[in-house]
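User: Please take a close look at one helix of this model and at what packs against it. I would like a connected account rather than a list.

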Amino acid sequence: MDFPGQGKFCFPIPPYLGNDLVELVPFEISKHADIYVNALKGHDEAFRWLPYPAFASIADVETFMQTWVIPDSGLFLFAIKDKTRSTSPDVQGVVTEETFAGVMTLMSGSVQAATAELGHILILPKCQRTHVLTNACGLLLQYALSRTEEGGLGLRRMQWQANEANGPSVAAAKKLGFQFEGVLRWHRVLPKEKPIGPGNNAREPDDGRGPGRHTALLSLCWDDWEGGQREALAQKMVLRKKTVE
């Protein structure tokens, strides 16, 4: 399925992914790059755990799209819209500087294996520890793991990967219902300016690459979903709604 500026994605994306609090809108450079850059000025720490530098310009966003998104048919980038921050009537599919809350992807998608992953999650500092993360992730999990006859993709497995040292990310995944499966040691090479976890030093003697990353791997599978996690996540999303009201 083709989308402007994102190339071909292996799964269909519905015309609307949202609820009363949050909407996930397909990211387009012409519509969202400037908003993205402006929203993150002075917040380089938001990129701390992402495997690329902070975006300082629209050109940086374009480079990210060309390097990470467009070549990968298993990755799709969304702009996250926080409907509760709008002071004017909401328009479906329209994200403004006022309502922009961050980005996230559906990634590592495989039609054959019926799997995908939530990743590249960046929530603006002003929207952290609010309803945004739970509802944004919840919307994608509901779409991914619901059966096709229910309007979902009918996937069997959703993954979450994080730097082992990024405790808040691992904790967030567990709160969403993901189960910890283990640690992939020396899983990635990071840019030299990125943080490293305990023991994740570059290979000795220095081989010229950046530091290594040990990756925490978590999953939420179809049997977990149908065994109670669907209802548990829906309840968490409702509770987050009540805190807004």
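Analyst: What follows is an account of helix 1, its contact with helix 2 and its cover, with the cores and two backbone features after that. The model is a predicted one.

Two packed helices are described by the angle between their axes and the distance between the axes. For helix 1 (residues 29-39) and helix 2 (residues 58-69), the axes come within 9 Å and cross at roughly 125°. Angles of 65 to 115 degrees count as roughly perpendicular and those over 145 as roughly antiparallel, so helix 1 and helix 2 are oblique to each other. The crossing of helix 1 past helix 2 is right-handed. On the helix 1 side the contact is made by Ile29, Ala33, Asp34, Tyr36 and Val37, and on the helix 2 side by Ile58, Val61, Glu62 and Met65. Seven of these contact residues are nonpolar, two are charged and none is polar.

Isoleucine 29 belongs to helix 1. Leaving aside residues up to four places away in sequence, isoleucine 29 touches Ile58, Glu62 and Met65. Its relative accessibility is 26%, so isoleucine 29 counts as partly exposed. The C-alpha atom of isoleucine 29 is separated by 6.9 Å from that of glycine 5, although the two residues are 24 apart along the chain.

The buried residues of helix 1 are His32, Ala33, Ile35, Tyr36 and Val37. Their cover includes helix 2 together with strand 4 (22-26), strand 5 (76-82), strand 6 (100-110) and strand 7 (115-123).

The covering elements lead on to the nonpolar cores. The largest core has 44 residues, of which Leu24, Leu118, Met158, Trp160 and Phe178 touch the most other members. Helix 3 (residues 132-145) gives the most to this core, with nine residues. A second, separate core has 25 residues, including Val61, Leu75, Leu77 and Phe100. Val61 is also one of the helix 2 residues in the contact with helix 1. Beyond four places in sequence, leucine 118 touches residues that include Met104, Leu106, Cys137, Leu140, Met158, Trp160 and Phe178.

Two backbone features remain. Most residues other than glycine have a negative phi. Alanine 114, in the loop between strand 6 and strand 7, has a positive phi of about 60°. With 13% relative accessibility, alanine 114 counts as buried. Histidine 120, found in strand 7, also has a positive phi, near 50°. Histidine 120 counts as buried at 10% relative accessibility.

Terms used:
Residues are numbered from 1 along each chain as its sequence is written. This is a predicted model: local features need pLDDT of at least 70, side-chain atom pairs count only at pLDDT 80 or more; totals for chains, interfaces and linings use all residues. Side-chain values use heavy atoms; hydrogens and water are left out. A nonpolar core is a set of buried Ala, Val, Leu, Ile, Met, Phe, Trp, Tyr and Cys residues joined through side-chain atoms within 4.5 Å. Buried means under 20% relative accessible area, exposed over 50%, partly exposed in between (1.4 Å probe, protein chains only). Helices (H or I, at least four residues) and strands (E, at least two) are DSSP runs, numbered from the N terminus. Contact means heavy atoms within 4.5 Å. Axes are lines fitted to C-alpha atoms, for helices over the stretch in contact, and angles run from 0 to 180 degrees between N-to-C directions. Angles under 35 degrees count as roughly parallel, over 145 as roughly antiparallel, 65 to 115 as roughly perpendicular and the rest as oblique. A crossing is left-handed if the near helix is turned anticlockwise from the far one by less than a right angle, and right-handed if clockwise. Ala, Val, Leu, Ile, Met, Phe, Trp, Tyr, Cys and Pro count as nonpolar, Asp, Glu, Lys and Arg as charged, and the others, Gly among them, as polar.
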